[in-house]
Amino acid sequence: MKTERPPWRFSTLTVRAGWHRRHLNVMPTTAPIVPAVTYLHPMSELDAIFAGEQEGFVYTRYGNPTVAVLEEAVAQLDKGEAAVGFATGMAAVHAALLGVELQSGDTVVCSQDVYGATYSLLSTVFGRLGIKVVFVEIEDLASVRAIISGKRPKIVWIETISNPLLRIADVPALAAAAHAAGAVLMVDSTFATPYLFRPLEHGADYVIHSATKYLGGHGDAMGGLVVSSRTHCEAVRTVAKLAGGPLGPFDAWLILRGLKTLTLRMQRQCENALKLGRWLETHPRVAKVIYPGLLSHPHHSLAKSLLSEGLFGAMVACELKDGSREQVMRFMDNLDLCLAATTLGDVYTEVLYPPMSSHRWLSSEERQRIGIGDGFVRVSVGIEAVEDIIADFAQALEKSA
Ligand SMILES: *Cc1c(COP(=O)(O)O)cnc(C)c1O
């Protein structure tokens, strides 16, 4: 038995008083935030954890109890065996790419129409390290198949619903093509969320999410996740341990809180998006509307067969008729309810001007060539009353004419 110790002095008490093992004997209704960097174990147990013979938390860069709850939740939603959390979506993208031991001389085949930072990460950072990156037009399936079988890439990288042109990737066909060439298929499914589409059920090997978007859903936390098999996730975890970028427990908690209403938010946001898309199609100042739920979308039937619940996502894009940069900026300044914000997936409706932001560094002609004219606007539709969203668009369009 331990002998009674003399009482601690004031300054010792400020550091150590209160918190005790017995406080853990509770089961709160929501996961607790555990901000501790390290965890206490008897030395023999700690030894076994370091040796990999026993599971346990030792240091938060390796794993954290709050983050683990989110990882388990998203793994379940996406029908994966495991998941690894990161501080941002881009940290997750980076770790997934490195998780297959990518090295100089290897090839990555990537959809041309991906998130701007993913495109740049591959073409600049990875390109400089000697990784060959081949960008492809994902909807030209025959040519993508030929490129994959010719280039023998290590990774094929796509997005379920692309940004900002909202193209739909034929995930099952691309998975088959990747596997036939000995490659893995990585799918950034941020725009679809596990509610609308679970890539692992359609042959993909890895799913990547920016949890900053729909999973969190309130624009107040950043995070990213990689979901895959247990073995793949162990390799990704190894990268996370060495390269860093772990998800923090406070952000993980906010994302967990957001996740609870994912279904309700997505249902409402997708319904609002369809209604806004239909309304925009009838507006005389709108030249073109891109929304996978509209019959006019080139991949409408593919979207219908792949996405669940009869929903088509909550991103809408449109092109203002003869829209100039000045006109679009006037339109966005005149929005009152909808936010001119550089993000997406939140409960608020957010409008982005790609020629000014994500596609700024392309020339006007290059943008035109890929389908992003000077009048191009991307909308992340929120949960507000759709009548109010439409009224806001109507008045802002009127004022910008
Ligand atoms: C936002 C986003 C990312 C990057 O996520 P961050 O959390 O901003 O790092 C990656 N892919 C897609 C499709 C995104 O929308």
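Two strands pair here if DSSP finds at least two bridges between them. Helices (H or I, at least four residues) and strands (E, at least two) are DSSP runs, numbered from the N terminus. This is a predicted model, where local features need pLDDT of at least 70, side-chain atom pairs count only at pLDDT 80 or more, and totals for chains, interfaces and linings use all residues. Residues are numbered from 1 along each chain as its sequence is written, and side-chain values use heavy atoms, with hydrogens and water left out.

**Figure 1. The protein chain has 15 helices and 11 strands.** Its radius of gyration (taken over C-alpha atoms) is 24 Å, close to the 21 Å that the globule rule gives for 401 residues, so the chain is as compact as a globular protein of that length. That rule is 2.2 Å times the number of residues to the power 0.38. Along the principal axes, the C-alpha atoms fill a box of roughly 85 × 50 × 35 Å. Of the 401 residues, 49% are buried, meaning under 20% relative accessible area; exposed means over 50%, and partly exposed is in between (1.4 Å probe, protein chains only). Contacts (heavy atoms within 4.5 Å) tie distant parts of the sequence together: of those with a separation of 6 or more, 73% are between residues 24 or more positions apart. On charge, there are 37 positive and 41 negative side chains, and the centres of the two sets lie 4 Å apart. For that tally, Lys and Arg are positive and Asp and Glu negative, while His and the chain ends are not counted; each charge is placed at NZ of Lys, CZ of Arg, CG of Asp or CD of Glu.

**Figure 2. Strand β7 has a neighbour in β1 and another in β6.** β7 covers residues 224-228, and five of the five are buried, so the strand is largely enclosed by the rest of the structure. In a regular strand the side chains alternate between the two faces of the sheet. Here Gly-224, Val-226 and Ser-228 point one way from β7, while Leu-225 and Val-227 point the other way. Strand β1 (residues 82-86) runs antiparallel to β7 and is joined to it by five bridges. Strand β6 (residues 206-210) also pairs with β7 in the antiparallel sense, over four bridges. Look for Val-227 in the view: this β7 residue is the bridge partner of Ala-83, and it is also the bridge partner of Val-207.

**Figure 3. Strand β11 is flanked by β9 and β10 as pairing partners.** Five of the five residues of β11 (376-380) are buried, so the rest of the structure largely encloses it. Phe-376, Arg-378 and Ser-380 go one way from the strand, with Val-377 and Val-379 going the other. That puts an arginine, Arg-378, among the buried residues of β11. With strand β9 (residues 315-320), β11 forms an antiparallel pair over five bridges, and Ser-380 is the bridge partner of Met-315. Strand β10 (residues 350-352) pairs with β11 in the antiparallel sense over three bridges, where Val-351 stands opposite Val-379.

**Figure 4. Ala-240 sits in helix α9 (residues 230-243).** Ala-240 is buried, at a relative accessible area of 6%. Leaving out residues up to four places away in sequence, Ala-240 touches Arg-61, Val-84 and Phe-86. Thr-124 is 116 residues from Ala-240 along the chain, with 21 Å between their C-alpha atoms.

**Figure 5. Glu-53 is an exposed loop residue.** Its loop runs between α2 (43-50) and α3 (65-77), and its relative accessible area is 66%. Zoom out to find Glu-281: from C-alpha to C-alpha, Glu-53 and Glu-281 are 60 Å apart in space, and 228 residues apart in sequence.

**Figure 6. Some loop residues have backbone angles worth a look.** Most residues other than glycine have a negative phi, and most peptide bonds are trans. Glu-101 isn't a glycine, yet has a positive phi of about 55°; it lies in the loop between α4 (89-98) and β2 (107-111) and is exposed, with a relative accessible area of 61%. Arg-152 also has a positive phi, about 45°, without being a glycine, and belongs to the loop between α6 (141-151) and β4. On the far side of β4 (155-159), the loop leading to α7 (171-180) holds Pro-164. A cis peptide bond joins Asn-163 to Pro-164, with omega about 0°.
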